[in-house]
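Let's take a walk through this chain, starting with its overall build and then going inside. Keep the structure open as you read.

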Amino acid sequence: MNLALPRLFASRALQASLALSALAAFAACGDPKPPPVPDPPVVELSVIEPNSAAPSLMLRVSVSGCDTVSQLSIYDQDTFLQTFPYTSGAMEFELLAKDIKYTKGIAVRLALNARATCSDGRSNVSQPQATTFLPVTKVIKDPDPNAQVVTDFFVADGSGSNISFIGCGNPTTGVGTLYRVGATGEVLAQVEMGIPCSPYTVITPLNSVSNKRWVWTPGVGAVAVSSNFVISGRTATTYKLKDLSVMTNGDAIVRDVVSVSRMKHTSMGGSFDWTYKPPLQPIATPQQKAEVVLVPYANYKEVGTSDVLQVVVATLDAATGVLVQERKIYDYAGAIEVLPVTSLSPDGDTVYMAFGLANKHSRVIACAANADGCEGNAFKWQSIDLPAPLQFLLPYAGGSRLAAIGLQRVWFLDTNNLGAVVNKDGKSLDTSGSLQVLQVQLGRNTSPSVILLNGAPPDNTGLPTLPKEIVAIDSAERGELFRYEVASTLSCTIDDAERLWMRVGNRLVQALPLSEYRAVRP
């Protein structure tokens with residue numbers, strides 16, 4: 001028996017078959033599906049030295065996923081810096097100091113990225129790389145990557161092609177040694193001194209009369225060294241040196257806790273020409289003025305049934321140490337344990353004193369050094385109250401400025417204008433974070449430049465630490481010029497041509513002239 005499908009069912013099946021056939025026909029006759037869109041290229045950038053004091057920045061860039069790269073550009077965030085030709089693989093490029101925009105300051109913090117475009121128009125951007133860059137003139141490295149070109153702290157001798165560097169170091173023998181290093185890092189001379197070196201060791205300029213300099217470490221002693229590295233004088237091993245100043249003929253005025261003495265630069269036995277012991281104790285570095293030596297000291301003064309402390313300046317005959325006169329400068333309500341920070345002006349006419357006030361404030365007073373009392377014409381000026389205890393008073397710029405230095409804050413006072421604060425915007429110049437001012441490098445002669453070297457506080461053993469941050473000031477009124485911090489350590493010196501040199505880690509670096517830094521940071 002033949003059964004026919006119901007008419008309605010047959011009709012629907014036929015319709016479905018026709019519809020499928022039509023779709024297949026349309027697919028066969030229409031446009032093909034578009035190919036998948038290619039992925040963007042992969043761009044990678046790395047900075048070979050992410051924290052760099054150098055003439056330029058070296059970058060490494062690689063691009064994958066392009067047949068050909070039509071353009072490769074370097075940006076600081078969204079700020080265009082430079083375009084480089086790219087072929088293939090990992091390539092190195094040099095970003096010059098002039099390519100950087102210094103709108104965010106010098107020793108600028110950058111966020112560098114590379115932007116690559118393929119020949120077919122696809123493009124991509126690398127991940128940003130944090131970088132700190134301080135542009136400098138040149139970098140000197142030791143052939144041994146583990147060796148240091150100069151000692152931790154050093155001074156420049158000469159300038160230009162005649163420059164060399166003198167530093168004190170403790171080699172593996174443990175004996176403090178003085179080194180002279182040439183402009184390319186070679187050791188030109190060395191001599192064992194018999195006193196250890198420390199971060200507090202001071203190397204004085206070469207005296208033009210004696211042709212010698214003094215190298216001294218507080219608490220230990222001093223040696224006189226000729227320009228050809230022959231030691232001609234030294235303090236006795238039992239002498240506990242506190243500080244030292246150099247006389248015009250090259251002899252030294254030395255101070256310990258209780259006395260002041262004159263020592264010839266030819267005294268190998270540690271003997272003194274004379275010694276002066278004030279009633280209480282000297283409180284500032286003694287200083288020669290023509291034929292006399294000025295010695296600021298503290299003394300007790302009886303007032304009724306109690307005593308007050310008094311700042312006195314003794315004038316001694318420079319040749320014999322005989323007391324010529326005493327000037328009672330200032331009475332103050334203080335304790336012998338907290339003596340005022342005191343210093344003399346370069347010409348010896350003024351004594352500067354910093355007194356502690358309540359709430360950890362300080363005040364600086366300037367008085368004539370050759371008159372009793374600090375009243376009338378003998379009173380020169382008094383600073384505003386400075387909101388920090390002070391640890392140093394350093395005259396500089398030919399005596400026209402006085403740096404009032406606390407542990408973390410610094411003010412610059414105009415000694416010719418009633419001690420007015422001349423910091424930019426009247427604000428103190430501060431260290432970064434918890435760092436403290438460890439050392440100060442002053443410009444030569446009348447230069448208004450000041451360099452601060454900041455580092456961590458002494459550790460639990462009380463041992464000094466080395467600086468990690470340098471802050472350069474070319475002029476107090478213009479404020480900070482640049483601030484540069486490293487993970488290792490650094491130090492600096494100023495050469496005879498007022499050029500700044502830095503030890504950054506193991507390397508020796510010559511900075512650009514300070515005027516060039518200022519040109520891009522008005």
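Start with the secondary structure: the chain has two helices and 42 strands (DSSP runs numbered from the N terminus, with H or I over at least four residues for a helix and E over at least two for a strand). Its radius of gyration is 35 Å, well over the 24 Å that the globule rule gives for 522 residues, so the chain is more spread out than a compact globule. That radius is taken over C-alpha atoms, and the rule is 2.2 Å times the number of residues to the power 0.38. Along the principal axes, the C-alpha atoms fill a box of roughly 150 × 55 × 45 Å.

Before going further, a word on where this comes from: it's a predicted model, in which local features need pLDDT of at least 70 and side-chain atom pairs count only at pLDDT 80 or more, while totals for chains, interfaces and linings use all residues. Residues are numbered from 1 along each chain as its sequence is written, and side-chain values use heavy atoms, leaving out hydrogens and water.

How much of the chain is buried? Buried residues make up 47% of the 522, where buried means under 20% relative accessible area, exposed over 50% and partly exposed in between (1.4 Å probe, protein chains only). As for contacts (heavy atoms within 4.5 Å), take those with a separation of 6 or more: 47% of them join residues 24 or more positions apart.

Now go inside. The largest nonpolar core has 25 residues, and Val63, Ile74 and Leu112 have the most contacts within it. Such a core is a set of buried Ala, Val, Leu, Ile, Met, Phe, Trp, Tyr and Cys residues joined through side-chain atoms within 4.5 Å. At least two residues apiece come from β1 (42–47), β3 (56–64), β4 (69–76), β5 (79–84), β6 (90–96) and β7 (108–118), with β7 giving the largest share, six residues. Apart from this core lies another, of 24 residues, including Ala53, Val486, Leu490 and Val504.

Zoom in on Ile74: beyond its neighbours within four places in sequence, its contacts include Leu45, Leu59, Phe80 and Leu112.

Val43 is worth a stop too. This residue sits in strand β1 and is buried, with a relative accessible area of 7%. Leaving aside neighbours within four places in sequence, Val43 touches Ser62, Val63, Ala114, Ala116, Asn124, Val125 and Ser126. For a sense of scale, Asn416 is 373 residues away along the chain, and its C-alpha atom is 59 Å from that of Val43.
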